[in-house]
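Q: I should like to learn how to read the features of a protein model. Could we look at one together?
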Amino acid sequence: NDLAVVSFLMHHSNCLLYHTGGRVLRDNQSCIGDSTTQFLRNLNLDISFLSASSWNTRWISTPSEGKVAVKEAALAAAAKRVLICDSSKYGKVGIFNAVPLESLDLVITDDRLPDSARQAVSKSGVRLVIASAHGAVAVAPENTVENLA
């Protein structure tokens with residue numbers, strides 16, 4: 001749904017590429033609305049990658065009501081559900097709760113995520129991957145660490 005990602009893939013891959021369409025939000029280069037949601041509902045996705053402007057150990061939230069249905073539809077269409085979000089957005093709260101964190105399979109974030117948040121995400125049963133310049137480490141729900149580099 002992200003126009004910047006579509007642009008990158010258009011220029012750097014040979015994959016079969018579809019875009020969701022719908023009303024364009026210029027400020028974050030994505031689409032919302034019934035057209036976008038309906039398009040997503042008609043797909044069978046292997047993996048859905050979500051971004052967020054705010055998240056915590058309970059919810060991915062958003063300041064835009066129109067993004068809620070899009071995020072819900074993207075998750076419903078996918079076999080695996082992944083949040084990719086930097087730690088600066090952790091602890092921020094948007095006015096609309098979009099999807100519960102526990103509906104995700106995996107969260108990928110950077111190494112600035114506080115230890116208390118790492119533990120809370122792991123306790124929720126969602127797999128956590130901490131990415132850094134030195135590689136990535138997965139923190140399993142059981143609080144064990146596995147090197148992914």
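Q: What is the order of the three strands in the open sheet, and is their pairing parallel or antiparallel?
A: The model shown here is a predicted one. In general, strands of a sheet are joined by backbone hydrogen bonds, in a parallel or an antiparallel manner. Here, the three strands of the open sheet follow the order E4-E5-E7, and their pairing is antiparallel.

Q: Which strands stand at the edges of the sheet?
A: Strand E4 (54–55) and strand E7 (96–100) do; each has a single partner strand, so one side of each has no neighbour in the sheet.

Q: How many bridges join E4 and E5?
A: Two bridges link E4 to strand E5 (residues 59–62) in the antiparallel sense. Trp55 lies opposite Ile60 of E5.

Q: Which helix packs on the sheet?
A: Helix H3 does, touching E5 and E7, and its direction makes about 10 degrees with that of E7.

Q: How much space lies in the largest pocket?
A: Empty space can be revealed by rolling a probe the size of a water molecule over the atoms. In this model, the largest pocket holds about 1,200 Å³ of space. It is lined by 38 residues, and those closest to its centre are Asn1, Asp2, Val5, Thr20 and Phe49.

Q: Which element gives the largest share of that lining?
A: Strand E3 gives the largest share, with six residues. The elements that supply two or more lining residues are helix H1 (3–12), strand E2 (30–32), helix H2 (34–41), strand E3 (45–50) and helix H3 (65–76).

Q: How many residues of each class does the lining have?
A: The lining of the largest pocket has 21 nonpolar, 11 polar and six charged residues.

Notes: Residues are numbered from 1 along each chain as its sequence is written. This is a predicted model: local features need pLDDT of at least 70, side-chain atom pairs count only at pLDDT 80 or more; totals for chains, interfaces and linings use all residues. Side-chain values use heavy atoms; hydrogens and water are left out. On a 1 Å grid over the protein atoms alone, a cavity is a set of points where a 1.4 Å probe fits but cannot get out, and a pocket is an open set with protein on both sides within 12 Å along at least five of seven lines; lining residues have an atom within 4 Å of a point. Grid points are joined across faces, edges and corners, and a volume is the space filled by probe spheres set on the points. Helices (H or I, at least four residues) and strands (E, at least two) are DSSP runs, numbered from the N terminus. Ala, Val, Leu, Ile, Met, Phe, Trp, Tyr, Cys and Pro count as nonpolar, Asp, Glu, Lys and Arg as charged, and the others, Gly among them, as polar. Two strands pair if DSSP finds at least two bridges between them. Contact means heavy atoms within 4.5 Å. Axes are lines fitted to C-alpha atoms, for helices over the stretch in contact, and angles run from 0 to 180 degrees between N-to-C directions.
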